[in-house]
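Reader: I'm new to this one and would rather look hard at a single part than skim the whole thing. Could you pick one helix and walk me through its surroundings, then wander outward from there?

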Amino acid sequence: MAISVFDLFSIGIGPSSSHTVGPMRAARMFTDTLAEQGLLERTAHVHVELFGSLGATGHGHGSDKAVLLGLEGERPEDVDTDSVPVRVAAIKEHKRLRLAGAHEINFDVDTDLVMHRRKTLPLHPNGMTYLARDTRGRLLGEHTYYSVGGGFVVRPPEDGSDEGPTITEDTTALEYPFRTGMELLAHCAETGLSIAAIMRRNELAWRTEEEINSGLLNIWRVMRACVARGCETDGVLPGGLKVPRRANALYEKLSTEDSSRDPLYVMDWVTLFALAVNEENASGGRVVTAPTNGAAGIIPAVLHYYERFVHDASDDGVVDFLLTAGAIGVILKETGSISGAEVGCQGEVGSACAMAAAGLVAVRGGSPAQIENAAEIGLEHHLGLTCDPVGGLVQIPCIERNAVGSTKAIHAARTALRGDGTHIVSLDKAIKTMRETGADMHTKYKETARGGLALNVIEC
């Protein structure tokens with residue numbers, strides 16, 4: 001299957017790629033299907049059910065709001081985030097929504113949007129069903145979708161098998177196809193090309209050189225804008241925990257301090273960058289899924305570190321960073337998981353740390369072997385990390401976890417650059433271990449808010 005770097009870095013809305021971006025896309029896919037089949041105008045009633053992790057923590061993650069917006073035809077990449085609270089409130093008050101933005105129907109959120117806290121569909125923890133009926137109650141369409149991490153939405157196999165949902169096969173022929181780290185390194189060894197160059201050659205199957213460069217620099221522009229908003233905004237995060245925003249105060253403090261007095265001053269800026277992004281994400285703001293929303297702060301934080309504190313930073317370096325990180329993301333998506341509901345936070349923060357570490361090594365002149373080593377270090381030291389959001393919100397421990405993951409990515413990169421790329425545990429073995437560890441992990445530690453900090457903080 002062919003995965004583009006633009007599949008891994010997509011512009012969306014917080015606070016969760018699995019719980020917000022995915023359900024919004026699924027709802028939009030549902031209305032598009034009704035329209036394509038000529039059933040939209042005949043639809044008088046829609047019923048939606050969210051299962052597993054979506055049902056357990058959907059309110060805290062904004063899944064209900066995302067479904068409503070998706071049913072009205074919105075897409076996460078261009079929805080007006082400032083208008084969301086007013087629009088959702090209007091739908092709830094008037095019990096009406098405009099299906100696909102054009103066809104108005106009755107919709108009572110209390111009865112037509114059901115969130116099952118303890119029921120799960122068989123193929124993935126993030127399952128949802130959408131049903132449409134006509135004025136006489138006759139079923140017009142019933143569709144099941146799974147949000148499998150990073151905003152990716154898939155349908156179950158049409159043959160009814162229990163093999164699990166798979167992303168629709170992309171048959172695009174790539175010049176250098178790879179699924180594993182070993183295959184990627186083999187391409188580099190055979191061609192003499194860097195990992196970024198390999199990824200670029202594959203991207204040419206979809207886009208021109210100019211489109212690749214401009215598209216990735218636009219991703220970077222959105223990341224920078226997200227950091228800027230986070231640094232400028234004060235107050236308390238929504239959701240009931242009353243978590244105070246810290247990025248604004250930290251930015252003001254760092255901007256006036258004497259950097260010469262503290263050798264680790266730079267790392268405080270990295271922490272700031274990550275906090276800024278994830279506070280914006282927790283507020284439902286515009287973020288770049290990288291590769292998920294829950295881990296969206298790590299790659300922007302490390303990229304800001306590169307741009308601000310590496311003397312020869314450039315736009316070309318930013319593009320190479322993202323292409324290299326994307327290559328590692330392809331391997332993680334193909335052979336592991338980036339879904340917290342499937343494997344815990346090791347699949348989100350661990351994956352983002354691995355990708356960021358790889359990108360930083362690339363722009364610091366590291367070899368393909370050193371890049372693979374950095375990615376492995378970044379992932380290995382997140383193995384077993386649970387996903388236990390307090391109150392089902394992407395706030396505690398998620399925001400600080402991104403800050404720590406960012407500094408770990410820089411540490412992993414520096415460790416790999418000090419070596420020659422030789423190491424015992426390969427990236428492929430680390431990913432296999434992550435997948436197996438996630439399978440063994442109890443469900444309560446996988447984005448259900450029924451274990452770990454989510455339970456103990458409330459008890460205290």
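Author: Let's start with what the buried residues of α5 pack against: β1 (10-13), α4 (63-71), β3 (96-99) and α6 (109-112). Keep in mind that this is a predicted model. The helix itself covers residues 84-94, and its buried residues are Val84, Val88 and Ile91. Looking down the axis of α5, you'd find those buried residues within an arc of 60 degrees, so they line one face of the helix. Now turn to the face pointing away from that buried side: there you'll meet the exposed residues Pro85, Val86, Glu93 and His94. Just after the helix comes Lys95, and its phi is positive, near 55 degrees.

Moving along the chain, have a look at Thr129, which sits in strand β6 (residues 127-133). Its relative accessibility is 8%, and the cut-off for buried is under 20%, so Thr129 counts as buried. Leaving out residues up to four places away in sequence, Thr129 touches His47, Val48, Glu49, Phe51, Leu121, His143 and Thr144.

Next, a region with a label. UniProt, in an unreviewed entry, gives residues 190-454 the feature "domain: Serine dehydratase-like alpha subunit". Across residues 190-454 the chain is 62% helix and 2% strand, with the end C-alpha atoms 49 Å apart.

Two helices there are worth a pause. Helix α9 (residues 209-232) packs with helix α10 (residues 247-256) at an angle of about 90 degrees, and their axes are 6 Å apart. That angle makes α9 roughly perpendicular to α10. If you want to find where they meet, look for Gly230, Cys231 and Glu232 on the α9 side, and for Ala247, Asn248 and Tyr251 on the α10 side.

One last stop: Asp428, in helix α18 (residues 427-440). Asp428 has a relative accessibility of 22%, so it counts as partly exposed. Setting aside residues up to four places away in sequence, Asp428 touches Thr180, Gly181, Met182 and Ile331. With Gly181 there's a polar contact to look at: the side chain of Asp428 reaches the backbone nitrogen of Gly181 at 2.7 Å. As for Gly359, it is 69 residues from Asp428 in sequence, and in space the two are 17 Å apart, C-alpha to C-alpha.

Notes
Residues numbered from 1 in each chain as written. Predicted model: local features only at pLDDT ≥ 70, side-chain atom pairs only at ≥ 80, totals over all residues. Heavy atoms only, no water. Buried < 20%, exposed > 50% of the residue type's maximum accessible area, 1.4 Å probe, protein only. Helix = DSSP H or I, 4+ residues; strand = E, 2+ residues; numbered from the N terminus. Arc of directions from axis to C-beta. Contact = heavy atoms within 4.5 Å. Polar contact = N/O pair within 3.5 Å; in protein donor to acceptor, adjacent residues only side chain to side chain. UniProt positions renumbered as here; feature names shortened; annotations may be inferred. Axes fitted to C-alpha atoms, helices over the stretch in contact; angles between N-to-C directions. Parallel < 35°, antiparallel > 145°, perpendicular 65-115°, else oblique.
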